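Here are my notes on the structure you sent, set out as numbered points so that each can be checked against the coordinates.

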Amino acid sequence: MSASWLVIGRPITGGNPRGGVRNRDATLYVAETMGLKLTSRFRRLLQRPGSIDLGPYEKLTTAVGEAEESVQSLSDEELTEVVAEMRTTDGLDEDNLIEFLALAREAGRRAIDERAFDGQIVGALALLRGRIVEMATGEGKTLAGAFAAAGYAIGGRKVHVLAVNDYLAQRDAEWMGPIYALLGVSVAHVGQASTPEERRAAYQAEVCYAPVSEVGFDVLRDRLVGDAADRVSAEPDVALVDEADSVLIDEARVPLVLAGATRSEEIDDDVVQLVRTLRAGVDYEIDGDGRTVALTDKGTDFVEEHLGGIDLYADENLEKMTQVNVALHAEVLLRKDVDYLVRDGKVSLINNNRGRIAKLQRWPDGLQAAVEAKEAVPVSESGEVLDSITVQALIKRYPKLCGMTGTAVVVGEQLQEFYDVEVAVVPPNKPNIRVDEPDRLYLTVAQKNTALVEHIQEIHETGRPILIGTQSVEESEQLSDLLEAAEVRHVVLNAKNDAEEAGIVAEAGVPETVTVSTQMAGRGTDIRLGGRDGSKGKDKAAELGGLYVVGTGLHASRRLDDQLRGRAGRQGDPGGSLFFASLGDELVTRYSITSGLRPSPDDKGRLTDRKALGMLEHAQRVADGANAELLRTTWSYSRLTEQQRAIVLSTREKILAEDVAAEKLAETAKERYEELVDSVGEDVVKDAARRIALHHLDRRWTDHLAYLADLREGIHLRSLAGGIVHQKPIDEFNKVAIASFNTLIDDAWKDAKETFDEAEIGAEGLDEEASGVPRPTATWTYLVNDNPFGTEADRILGRLRNAIKGEELVTVEDDEPVELAEDDIPEELRDLDDDEDLPEELRGDADDDTDADADDDADKDERGKK
């Protein structure tokens, strides 16, 4: 048995993608399974993720198999009746659980012609015990999840199956629907297009499939209703999370934010046009990690001159300064077909985790309007943040949590830290015989793309089906152009046509098919050789080696690479994978330090030396660590806010459900209250008092959130400044946030009393607009980064990059390479080989200083050319 199969904390795959090819045969399956069990024991010994002992589940699975024959003679009606008789409010005991799973397996066979493998039964049992289950792609997580959800429902629980997107939520609810029907369990789904009535009905079902973001937004909207009857979401009970690592880790880095419309926010077109003439390195500078952009002194002078000689930093020009800043951010940092699309005369944001359009989402603080002005489309309403919630806080509302994914062990420690759940690794039903080739690294992006297209041509000529994973709409379309030029017929799946996903992905396993897709790792759609039903050349596809997965670059997390790679080799099918990368990829330029590296490429630009490959792996580890810190930071800064929110919500619930507002205002504004009761009736006054009190409580909370957002940024500046007495930012943040919150509720009641004294209240109730307490005319959600200064890793890398001037980077003309202190360089990058220069993507702009010193006429000429 190969020792590489027993790597602690890493799931067993069909090959060694970093170190070379390992051919495997089905006869090794027993050895592999033994290796997986030994790995689990090692993990338990070391208390590492993936250490759950499957022995008890396997014994129960054997019992389920023994009970299966006895239920096969039941008619459909009898099967449903038997399940109904098992219903309880206390959960299924072991005997009933065995019988139920035997019935569920039979229901699956009858309803959708799929008899669950033993591994799927083990997975369902682990889910019913509150575990995160790791099952390889193609092993049937969806069916296992349906069995578990139905088991919870029969045991008296309500289940939300949380998916990563609308498509999967609807697909799985409809696909598993016949099984639920046969088991007598109600099922529904929620999507971005669902109406409030549809949402309310769906949440009442015993099992509801929904994207995690939609559940979060419904919770946020319900917190702002003026009438309890307007709420749509149900009391949380069981959360069964599909693609658990994506939802609980990746999605959790950015909070869900609800905003309300306030006004139309125009951006001066003169500002937009002026910003377009500014030059990088001369008029503005981008920070080391590409998160922020700021004017230089020269750029500030140029902008002030062309705006009429104003002082941008004067108080009266604050609005103009804000417009310049957001226009510059939109122009420089946000890219069309990467961060957003323009279609139907509107700017639509792209959710990078899902590769899909983020409906009803936009950027905050005028940035949306700036992008719309940049693209010359109508400017939409702006708004203010009304409330927010982190994924962690949303999930913590559920008393019971479980989930499933193909890559859980890698983030097992984070799952334990943030959600207190453990990982159970379920062995594959059949051996994984996929061949994972070592990554191919090139010097520049152009050389990588050339080699990529040549390799795709070579494989395509054999007729083997190819799936190409890209990381953005822009990249997918650029690659599509290259493939067209190379006369390789293909189909593209990205955010522009994601409605066609099911049809495109279903055919990706057909011989001679080339599919280019963005964010394939998060699409969750099964790819079968020979198409949806295997009728289009399944045997031929297998003979050719099965589906061949090609990655155009490494992701920021190895998990995402593994998910993409896992699209091939499902259920024992042959398959293969290969990832291309370059030193000019964003992963390397953002997360690795390249000073001193002298790579030695071959005549096609390929790098094979250990140091260069080590840099690639190191960049991915740094990115993983940075993202983990971002999640940790998001959680740490939200904990106090969540506690304060709970206090506000408790008060709000009393106002909403009881006569607390009327009682309070009758006490503080006695004469006004009695006068109104005499003129319009007590019921009308109670309703008006409730609406006024809710408005001011919500208003104070909104203002508090805005204050905390500003405070958060200022607190981080203290961390950047350092000093003799170094204050921990989170402690200082909490201290100030508590002081700010102490009077919030009392202040809201004072505001309510003042409004009540002057409010226009007639026989038909409160005139909200005339009384100064209007409700938002619309709501939407924001895509925001909850860490405006980046992670500590980002800041360290940024400082190192800034210390290394562009002209100091090693080139063939340099006499001496730039040296960093030994401790400043990752171990993998020390003692680097000397050879050729870095790719253009990694160089600084050595001419910036010269340009900066050019005379004003030359500057104007250059800008005019732009």
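1. I begin with helix H25, where the face turned away from the buried side carries the exposed residues Lys670, Glu671 and Asp678. Please keep in mind, here and below, that this is a predicted model.

2. The buried residues of H25, which runs from 670 to 680, are Arg672, Tyr673, Leu676 and Val680. Viewed down the axis of H25, these buried residues fall within an arc of 100°, and they therefore line one face of the helix. Just after H25 comes Gly681, which takes a positive phi of about 100°.

3. As for the interior, the largest nonpolar core has 107 residues, and the members that touch the most others are Phe100, Leu183, Leu415 and Tyr419. Helix H6, covering residues 141-154, gives the most to this core, with ten residues. Apart from this core lies another, of 32 residues, with Leu656, Ala662, Ala689 and Leu694 among them.

4. Leu415 deserves a separate look, and, when residues up to four places away in sequence are not counted, Leu415 touches Ile132, Leu248, Ile249, Ala408, Asp420, Val421 and Val423.

5. Turning to annotation, an unreviewed UniProt entry places the feature "binding site" at Gln120, Gly138, Glu139, Gly140, Lys141, Thr142 and Asp526. In the model, the lining of the second largest pocket includes Gln120, Gly138, Glu139, Gly140, Lys141, Thr142 and Asp526.

6. Is Gly138 buried or exposed? Gly138 has a relative accessible area of 14%, and because the cut-off for buried is under 20%, Gly138 counts as buried. Gly138 sits in the loop between strand S1 (132-134) and H6, and, with neighbours within four places in sequence left aside, Gly138 is in contact with Asp526, Arg570 and Gln571.

7. Gly140 is also found in the loop between S1 and H6, but at 24% relative accessibility Gly140 counts as partly exposed, since that class lies between the 20% limit for buried and the 50% limit for exposed. Leaving aside neighbours within four places in sequence, the contacts of Gly140 are with Gln120 and Met135.

8. Finally, which residues does Asn627 touch, when those up to four places away in sequence are not counted? They are Arg253 and Ala556. Asn627 lies in helix H23, which spans residues 610-657, and Asn627 is buried, because its relative accessible area of 13% is under the 20% cut-off.

Conventions:
Residues numbered from 1 in each chain as written. Predicted model: local features only at pLDDT ≥ 70, side-chain atom pairs only at ≥ 80, totals over all residues. Heavy atoms only, no water. Core = buried A, V, L, I, M, F, W, Y, C linked by side-chain atoms within 4.5 Å. Buried < 20%, exposed > 50% of the residue type's maximum accessible area, 1.4 Å probe, protein only. Helix = DSSP H or I, 4+ residues; strand = E, 2+ residues; numbered from the N terminus. Contact = heavy atoms within 4.5 Å. UniProt positions renumbered as here; feature names shortened; annotations may be inferred. 1 Å grid on protein atoms, 1.4 Å probe; cavity = no way out; pocket = protein on both sides within 12 Å on 5 of 7 lines; lining within 4 Å. Arc of directions from axis to C-beta.
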